[in-house]
Amino acid sequence: MGIINILDASVASKISAGEVVERPASVVKELIENSIDAGSKNIILEVKNAGKKLIKVTDDGCGMTKNDAVLCIERYATSKLRTIEDLNSLITLGFRGEALASISAVSKLQIVTRPRDQSIGTLVEVWGGEIIDVRDTGCKEGTTVTVKDLFYNTPARLKFLKRDSIEFNNIYNIFYKLMLSHPEISFKLISDDKLKLSSTGDGNLLNCIKTIWGQEIADHMIEVKAQDRAVKVTGYISDRSVIRRSKNDILFFVNKRCIINKALYAAVLDVYKQYLTTGTYPVIVLNIDIDPRMIDVNIHPTKLELKFSDEHGIYGAMYNALNNALNPKSEVNRPLTSI
Ligand code: ADP
Ligand code: MG
């Protein structure tokens, strides 16, 4: 007899859930991304006890049929990808079909959903990966996903969570980035029955910046608009007077996904080093629209790092876009590099 044993499905699913769901903030990210992918115009996030007790996301997106509402909690169940080639033209935030499967494996999950063209909705309830109820229900168009008692069946994970103020901070940080990535969607964050952050969905990025960082920062933001054949850079960067001690406010959204990339970051630091001393940083909110074939998003679900096929070119494009905006009369202005 050997010593190897195949894990049963319920143990395996709890372990793999850990890859996607690390903490309440990861649930928030996955649920809101689903609402964005569903074409919602209004997204409301409610949390209780920093998401440990309750995370509820209500949207007015496309909703799901009964069949789909039952299917969506299966692993690798997705409406966003069919073939491996589809990865090259991906425009959705999700595509792995793992989020709801993972979340439902480690919580008490409820989905209430109705597609736009149907009069009756569906309620699906799943506890620890087991479907315990599926029934018709009256509900508004769109989807509400409620996640209760996260990690109730994985005590080791539960113990690993930090105190409420830290976990809420993680949620807040994810939330405002999602809000900035979609100024055309109205977002609301309610924590323990108090409204913490909201946007109107008027499409104005500067208004979102104002609600997050305040009027004073918004007054010192410069608009960036640069277009190259393959890359479009738009957004706002702070002028020379804004000095931040943390680099957390340097944000890049590539095709509406908040990402980390060394070349983009280096371009920012190189442009600002003329004005800021070491250890101080600007506020940067930039959208980079680029042909999906020039980036690789096929990375680990929780990794935010993104690779461009031409990192050097993207550095040049970003450097010039920022330098032109920050220093319009500068002699060092050069046209955008072709990439
Ligand atoms: P992915 O987003 O990678 O496809 P998920 O597990 O997050 O995987 O979701 C599975 C599927 O469930 C999605 O592809 C989508 O079809 C459906 N779905 C999830 N959330 C929503 C929602 N809020 N509105 C409409 N459909 C949804
Ligand atoms: Mg998803």
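1. Start with the shell around ligand 1. Its residues divide into nine nonpolar, nine polar and five charged. Keep in mind that this is a predicted model.

2. Which residues come nearest to ligand 1? Of the 23 around the ligand, they are N34, C72, T78, G94 and A99. Two elements give two or more residues to this shell: α2 (24-37) and α4 (99-105).

3. Now turn to the sheet. Strands of a sheet pair through backbone hydrogen bonds, and the pairing can be parallel or antiparallel. Here five strands form an open sheet with mixed pairing. Read across the sheet, the order is β9-β10-β13-β11-β12.

4. Look at the edges next. Strands β9 (221-227) and β12 (257-259) are the edge strands, and each pairs on one side only. From one strand to the next, the twist averages 20°.

5. One pair deserves a closer look. Strand β11, residues 250-254, runs antiparallel to β12, and three bridges link the two. Which residue in β12 stands opposite V254? R257 does.

6. Helix α7 covers residues 205-213 and packs on the sheet. It touches three strands: β9, β10 (231-238) and β13 (284-290). The direction of α7 makes about 35° with that of β10.

7. A further helix, α10, spans residues 311-326. Where does α10 lie? It lies across β9 and β10. Its run is at about 45° to β10.

8. To trace this in the structure, find edge strand β9. Then locate α7, which touches β9, and α10, which lies across β9 and β10.

Technical notes: Residues numbered from 1 in each chain as written. Chains lettered and ligands numbered in written order. Predicted model: local features only at pLDDT ≥ 70, side-chain atom pairs only at ≥ 80, totals over all residues. Pairing = 2+ DSSP bridges. Helix = DSSP H or I, 4+ residues; strand = E, 2+ residues; numbered from the N terminus. Axes fitted to C-alpha atoms, helices over the stretch in contact; angles between N-to-C directions. Contact = placed C-beta atoms within 7 Å. Near = placed C-beta within 6 Å. Nonpolar A, V, L, I, M, F, W, Y, C, P; charged D, E, K, R; others polar.
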